[in-house]
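Subject: Handover of a structure model

Dear colleague,

Please find below the structure I agreed to pass on to you. A summary of the findings follows it.

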Amino acid sequence: MPTSKQVLEQISASGLIAVVRAESADQALKIAEACREGGVAALEITFTVPGAHRVIERLAEEYRDGRILIGAGTVMDAETARVAILSGAHFVVSPYFNADVLRLCHRYDILAVPGVMTIKEVVEALNAGADVLKAFPGEILGPAFVKAVRGPIPHAQIIPTGGVSLENVDQWIKAGCVAVGVGGNLTAGAKTGDYAAITSVARDFMERIARARGLITA
């Protein structure tokens, strides 16, 4: 199992987390492979998915070689976080800051990504030891929120989720985000079984992230 630091480094290097609300473990596996082929480093299975812990368990086993990181999303409490960790999750994402979840993740050296939407929450989460924060809901906050936060708190590492698209991903990255979380705008192809479309969209996201980072200039 990689350390929380290694997981954050891998997510940051890729710049993209695929947020998955799959209907089954088989569908999640197909989405995971499509995302991996597109260059995505991490997959977040939300606990809104029925039997999410079993999906995480199967994916963690399938990708135990580290080809893609498997995380748990929509984790609302420490009990759910523990289930996710025991199922093999490499990271735990919450829609809000929960100190109990953060403490539990620290105990097992699992990366916790608490949700924040105010400066006060940013500071509270950082003071509690959070290494990276989830700007949520992204469609309401916008890239300007990240830029504003990183003015007085430049060391804040932020990953937005919600409202991130091919059209605005460059704005999020240029605002200072270490990565972005993308759901339906990336995985929509799964609804019709078009997993090749997921790979294609993932590659587009990866290219736009690289351009926004100045890694591609041509």
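In what follows, a residue counts as buried when its relative accessible area is under 20%, as exposed when that value is over 50%, and as partly exposed in between. Please note that this is a predicted model.

Salt bridges

The search of the whole structure returned seven salt bridges. In general, side chains of opposite charge can pair when their charged atoms come close. Three of the pairs are described here.

One of them links Glu61 to Arg64, with 2.8 Å between the closest N and O atoms. Glu61 has a relative accessible area of 46%, which lies between the two limits, so Glu61 is partly exposed. Arg64 has a relative accessible area of 63%; because this is over 50%, Arg64 is exposed.

Another pair is made by Arg67 and Asp65, whose closest N and O atoms are also 2.8 Å apart. Here Arg67 is partly exposed at 35% relative accessibility, while Asp65 is exposed at 52%.

A further salt bridge is formed by the side chains of Glu207 and Arg211, at 3.1 Å from N to O. Both residues belong to helix α11 and are four residues apart, about one turn of the helix. Glu207 is partly exposed, with a relative accessible area of 35%, and Arg211 is likewise partly exposed, at 37%.

The six-strand sheet

Strands of a sheet pair through backbone hydrogen bonds, either parallel or antiparallel. In this model, an open sheet of six strands has the order β5-β4-β3-β2-β1-β9, and its pairing is parallel. At its edges stand β5 (111–113) and β9 (180–182), each of which pairs on one side only. On average, neighbouring strands of this sheet are turned by 25° against each other, direction ignored.

Strand β1 (residues 16–20) runs parallel to β9 and is joined to β9 by three bridges. Within this pairing, Ile17 stands opposite Gly181 of β9. Helix α11 (residues 195–212), which holds the Glu207 and Arg211 pair, packs on the sheet and touches β1 and β9. The direction of α11 makes about 150° with that of β1. Helix α2 (residues 25–37) lies across β1 and β2 (42–46), and runs at about 155° to β2.

The three-strand sheet

There is also an open sheet of three strands, in the order β6-β7-β8, with parallel pairing. Its edges are β6 (115–116) and β8 (158–160); each has a single partner strand, so one side of each is left without a neighbour in the sheet. Three bridges connect β7 (residues 133–135) with β8 in the parallel sense. Ala135 has Pro160 in β8 as its bridge partner.

The surroundings of Ser87

Is Ser87, in the loop between α4 (78–86) and β4 (91–93), buried or exposed? Its relative accessibility is 8%; because this is under 20%, Ser87 counts as buried. A polar atom of the Ser87 side chain lies 2.8 Å from the backbone oxygen of Val83. Leaving aside residues up to four places away in sequence, Ser87 touches His53, Ile56, Glu57 and Ala60.

With kind regards

Conventions:
Residues numbered from 1 in each chain as written. Predicted model: local features only at pLDDT ≥ 70, side-chain atom pairs only at ≥ 80, totals over all residues. Heavy atoms only, no water. Pairing = 2+ DSSP bridges. Helix = DSSP H or I, 4+ residues; strand = E, 2+ residues; numbered from the N terminus. Axes fitted to C-alpha atoms, helices over the stretch in contact; angles between N-to-C directions. Contact = heavy atoms within 4.5 Å. Salt bridge = Lys/Arg side-chain N within 4 Å of Asp/Glu carboxyl O. Buried < 20%, exposed > 50% of the residue type's maximum accessible area, 1.4 Å probe, protein only. Polar contact = N/O pair within 3.5 Å; in protein donor to acceptor, adjacent residues only side chain to side chain.
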